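Trainee: I am new to this structure, and I would like a close look at one part of it, the paired charged side chains. Please place them within the chain as a whole before going into detail.

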Amino acid sequence: DHIKSENVASIFVSNSHGSYKIIGKGNGTFVIDGYEHIMLNGEKLTQMIINAGYTLSTFNASVSEEDFVKYGLAEDESDAYFVLTARDGKRYTVYIGDETLAGSGYYARYEGRNSVYVLDDSIENDILAPVTSLVDPLLAYPSDLKSFYLVRNFVLFHGTEIFLKADYLNPDQRSELAATSVHRLSIPAEYDAGENYDDVLSLFCSYVGKEVLSIDLSEESLAKYGLLEPAYQLYFDSTILDENGNPSSVVSNLLAYSERQQDENGNYFYYVASSLFGIIAKIDAISADFLTWDLDKWVSSSIFQINIMNVSSLSLKGKDVNATFELKGDKNEELSVFERVSGTTPEISNFRNFWKVLLSVTHDGAVTLNETEIADLLADESNLLLELTVQTRAGQKRVLRFYPYSDRRVFYTVNGEGEFYLSNTLLYKAIADANRVINGEAVDPDSRY
């Protein structure tokens, strides 16, 4: 008989990998008995139902009961079989025997008939495969180009310690913080996220494993793959959009990764457990290389991504400068600036050129000082070259402090936290240009000093 998918009530499979049961829900969907939350791969499931419900044979021979032994189909010898139960109650049991000499199929026996059939080797991918072969290797809630950047509460753990936390800034938050960046870190410090962070988020448009290994997230199963105490964990909330393209809800994702592994061919990979989809999978290392990135790869090198139209004041205080610029105006009103200390009113185009200078200041990399050296540097106020404070119109404050520690390098902090250094040339130009604005001298944003 040809049993179509809509007429399948269940398929029980037993093979060398164990046994499982697929149950038809009557609405075109199928689930694994006892693992109803597991997502099945539609294409592979369809092929499995075809192989079970429409068993085309390339060979058919009538044999006696004793002859079944020759084909590995004796009742006490055939370990692989499936039972298809149709919605009308009929049961169809097929036993799978030895592989044919040509290696292109398997001998099979239909219960109740003294005949031997040959089924093609496509059953290796489902009937003779573990249940995991039918499972979709999706690891995180999928998104698209309209929503991937809306990820919230992105938290990466190295072991049990938070290595990094970042979040999406909605338009109101960006206005409140005077931020031009869409994403900002809060741990280890308030840095703007860089382009690499966007690249990582885009991975989760379709984050799939190479192979599903288990649908069991028990402690025993997690321990088997080095996931009971994972080397890395990643938590984030995916944003779901409504029909109008507006955020409507979130889906939480938690992924646990093993240490990096290497197979017999020298290829690197990770084991990863998805709490959302209830699976353990194998994933190529290239799809999880961000796990071992240094902080520098996550953070934007631009240290001053500030929207001038959302700032109420900018102050620079240090050994060679003392200025507080008060800004007024909005989108419908032209910007005006007053420097409080000198009592001067800078020319707007010249002040905007100065702002361009600040926007161009970038850090060069992670500081090489140890914790004790950093603490000693910060403890002595005489080491402070410059304190730059931005006050937003919403009352938020962002303080950058700069401490030279070599002939060319300057360590800086953002609201008291810091990991990076920049060239003193960039900083000295910013200080010099602030004084030029006050003195009415032209600022050239493209000049070196």
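**Charged pairs in their setting**

Mentor: Among contacts in the protein chain between residues at least 6 apart in sequence, 57% join residues at least 24 apart, where a contact means heavy atoms within 4.5 Å. What you see is a predicted model, in which local features need pLDDT of at least 70 and side-chain atom pairs count only at pLDDT 80 or more, while totals for chains, interfaces and linings use all residues. Residues are numbered from 1 along each chain as its sequence is written, and side-chain values use heavy atoms, with hydrogens and water left out.

The protein chain holds eight helices and 25 strands; these are DSSP runs numbered from the N terminus, helices being H or I of at least four residues and strands being E of at least two. The C-alpha trace spans about 110 × 50 × 35 Å along its principal axes. The radius of gyration is 32 Å, whereas a compact globule of 449 residues would have one near 22 Å; the value is taken over C-alpha atoms, and the globule rule is 2.2 Å times the number of residues to the power 0.38. Of the 449 residues, 47% are buried, a term for under 20% relative accessible area, with exposed meaning over 50% and partly exposed in between (1.4 Å probe, protein chains only).

Now to the charged pairs themselves. Side chains of opposite charge can pair when their charged atoms come close. A salt bridge is counted here when a side-chain nitrogen of Lys or Arg lies within 4 Å of a carboxyl oxygen of Asp or Glu, and by this rule there are ten salt bridges.

One of them brings together the side chains of arginine 340 and glutamate 326, at 2.7 Å from N to O. This pair links distant parts of the chain, 14 residues apart, since arginine 340 sits in the loop between strand 20 (336-339) and helix 6 (348-359) and glutamate 326 belongs to strand 19 (residues 322-328). Arginine 340 counts as partly exposed at 48% relative accessibility, and glutamate 326 is also partly exposed, with a relative accessible area of 25%.

Another salt bridge joins arginine 401 to glutamate 381, whose closest N and O atoms are 3.0 Å apart. Arginine 401 lies in strand 23 (residues 397-404) and glutamate 381 in the loop between helix 7 (371-379) and strand 22 (386-392), so the pair ties together parts that are 20 residues apart in sequence. Is each partner buried or partly exposed? Arginine 401 counts as buried at 17% relative accessibility, while glutamate 381 counts as partly exposed at 47%. The pair does not stand alone, for Glu381, Glu387 and Arg401 are linked in a network of salt bridges.

A further salt bridge is found within a helix, where aspartate 433 pairs with arginine 436 and the closest N and O atoms are 2.5 Å apart. Aspartate 433 and arginine 436 are separated by about one helical turn, because they are three residues apart in helix 8. Aspartate 433 is buried, with a relative accessible area of 0%.

Helix 8 also leads to the nonpolar interior. In soluble globular proteins, nonpolar side chains tend to be buried together. A nonpolar core is a set of buried Ala, Val, Leu, Ile, Met, Phe, Trp, Tyr and Cys residues joined through side-chain atoms within 4.5 Å. The largest such core has 109 residues, among which Ile96, Phe154, Tyr257 and Phe325 touch the most other members. Helix 8 (residues 424-439) contributes the largest share of this core, six residues. A second, separate core has eight residues, including Leu222, Leu227, Ala256 and Ile280.

Thus helix 8 holds both the pair of aspartate 433 and arginine 436 and the largest share of the largest nonpolar core.
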